[in-house]
Amino acid sequence: MASESMTAADYIKHHLQSLTSLSDVAQGQGLKNIADFSFINIDAIFFAVLTGILGSFLLWFGARKATAGVPGRFQAAVEILFEFVDDMCKGIVHNEQSRKLVAPLGLTLFVWIFMMNAMDLLPVDLLPVAWQTVTGEHHALLRVVPTADLNTTLALAIGVLVICIFYNIKIKGFGGWMHEMFSAPFGPKLGPANFILNIVEFLSKTVSHGMRLFGNMYAGELVFLLIALLGGAWAASGSIGVLDPIMFVFHLIAGLIWAIFHILVITLQAFIFMALAFVYIGQAHDAH
């Protein structure tokens, strides 16, 4: 991806830009009349959908291959994950009817976010270079980690917010929910202040929910890019210096160490997002 004129800052900036238009790609392939959706991060949507399909297939495959006898390793792993999520949901959401929807939702969020986060473990130039080869663009744009895009994480958080509002209305009724919005936490006499405070609470929880996941994955992506620069500095210059082989070896070691540690990060972030979704939905069931 780097060229002779591309600096380290240019390299990082290039990798942090999203694919937002297929017009240039179409022109490179001799096509015309391709719509330009420059306001949409096409790569984030594509890889989010792709990892969602892959995660759904893995869970479907585990359910399809399930046996009543001694389970295989994959079935055992899926069962452990399912029981873990179900037990956590039972401890937070106490409404049995609600758990029939919320528990599968939590499992879906965990698996989907884990799969999207795991895209960060791929070599940073692997898919962009492949995309560049296909499109013929000299500097093709392609970000492969959907959760390092704030649009993706906020969309997930807004989805959780919508579900929280749904359960507030379902459990308490619209009138009961509005009464709570205007009477808690300071009493009915401070109704407008209570309402504004509750709106701010909903918005702040949603923003922090999405920003937490985005911030951690964005930072992880930056570290991988910095490590990649250690091994690719000689490629940009077109010559190999005395220290370049040492830096390349250090690049491999640092990349391996960070990738191993990052496995914990991507799993923990998926867990935290799922756990907070349970907490927020559980709060929607509580009366104030």
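Trainee: How much accessible surface does the chain have, and what share of it belongs to carbon and sulfur atoms?

Mentor: This is a predicted model, and the accessible surface of its chain comes to about 16,100 Å². Carbon and sulfur atoms account for 72% of that area. You can also look at burial: of the 288 residues, 38% count as buried.

Trainee: Next I'd like to read the fold. How many helices and strands does the chain have?

Mentor: There are nine helices and zero strands. Written in sequence order, the pattern is α-α-α-α-α-α-α-α-α. To see how the chain comes together, look at the contacts with a separation of 6 or more: 73% of them join residues 24 or more positions apart.

Trainee: Which residues does UniProt annotate as "transmembrane region"?

Mentor: The unreviewed UniProt entry gives that label to residues 44-63, 101-119, 150-169, 213-236 and 248-281. You can then check such stretches against the model. Residues 101-119 are 95% helix and 0% strand, with end C-alpha atoms 28 Å apart. Residues 248-281 are 100% helix and 0% strand, and there the end C-alpha atoms are 48 Å apart.

Trainee: Now for the form of a helix. What span is expected for α3, and what does α3 reach?

Mentor: Compare the end-to-end distance with the rise of 1.5 Å a residue. Helix α3, residues 42-64, has 23 residues and reaches 33 Å from first C-alpha to last, close to the expected 33 Å. Now try α7, residues 150-183: with 34 residues, a straight helix would reach 50 Å, but the ends of α7 are only 34 Å apart.

Trainee: Where is the kink in α7 centred?

Mentor: Look at G173, where α7 has a kink of about 105 degrees.

Trainee: Back to α3, please. Which of its residues are buried, and what covers them?

Mentor: The buried residues of α3 are D43, A44, F47, A48, T51, G52, G55 and G62. Their cover includes α4 (73-92), α5 (96-118), α6 (126-135) and the kinked α7.

Trainee: Can we follow a single residue? Is Q17 buried or partly exposed?

Mentor: Start with its place: Q17 lies in the loop between α1 (8-15) and α2 (23-28). Q17 counts as partly exposed because its relative accessibility is 37%, and the partly exposed class runs from 20% to 50%. Next, ask what Q17 touches. Setting aside neighbours within four places in sequence, Q17 is in contact with D43, L141, L142 and R143. One of these, D43, is also among the buried residues of α3. As for R143, it is 126 residues from Q17 in sequence, yet their C-alpha atoms are 7.0 Å apart in space.

Trainee: Let me try the other end. Where is D286 found, and what is it in contact with?

Mentor: D286 is found in the segment after α9 (244-285). Beyond its neighbours within four places in sequence, D286 is in contact with K172 and E180. D286 and K172 are 114 residues apart in sequence and 9.1 Å apart in space, C-alpha to C-alpha. With a relative accessible area of 38%, D286 is partly exposed.

Trainee: One last feature. How many disulfides are counted?

Mentor: The count comes to zero disulfides. You can still read the surroundings of a cysteine from its accessibility. C89 counts as buried because its relative accessibility is 0%, and C164 counts as buried at 6%. The cut-off to keep in mind for both is under 20%.

Definitions and conventions. Residues numbered from 1 in each chain as written. Predicted model: local features only at pLDDT ≥ 70, side-chain atom pairs only at ≥ 80, totals over all residues. Heavy atoms only, no water. UniProt positions renumbered as here; feature names shortened; annotations may be inferred. Helix = DSSP H or I, 4+ residues; strand = E, 2+ residues; numbered from the N terminus. Buried < 20%, exposed > 50% of the residue type's maximum accessible area, 1.4 Å probe, protein only. Contact = heavy atoms within 4.5 Å. Disulfide = S-S within 2.5 Å. Areas by Shrake-Rupley, 256 points an atom, 1.4 Å probe, with all protein chains shown as cover. Expected span 1.5 Å × (residues − 1). Bend = angle between axes of the 7 residues up to and from the residue.
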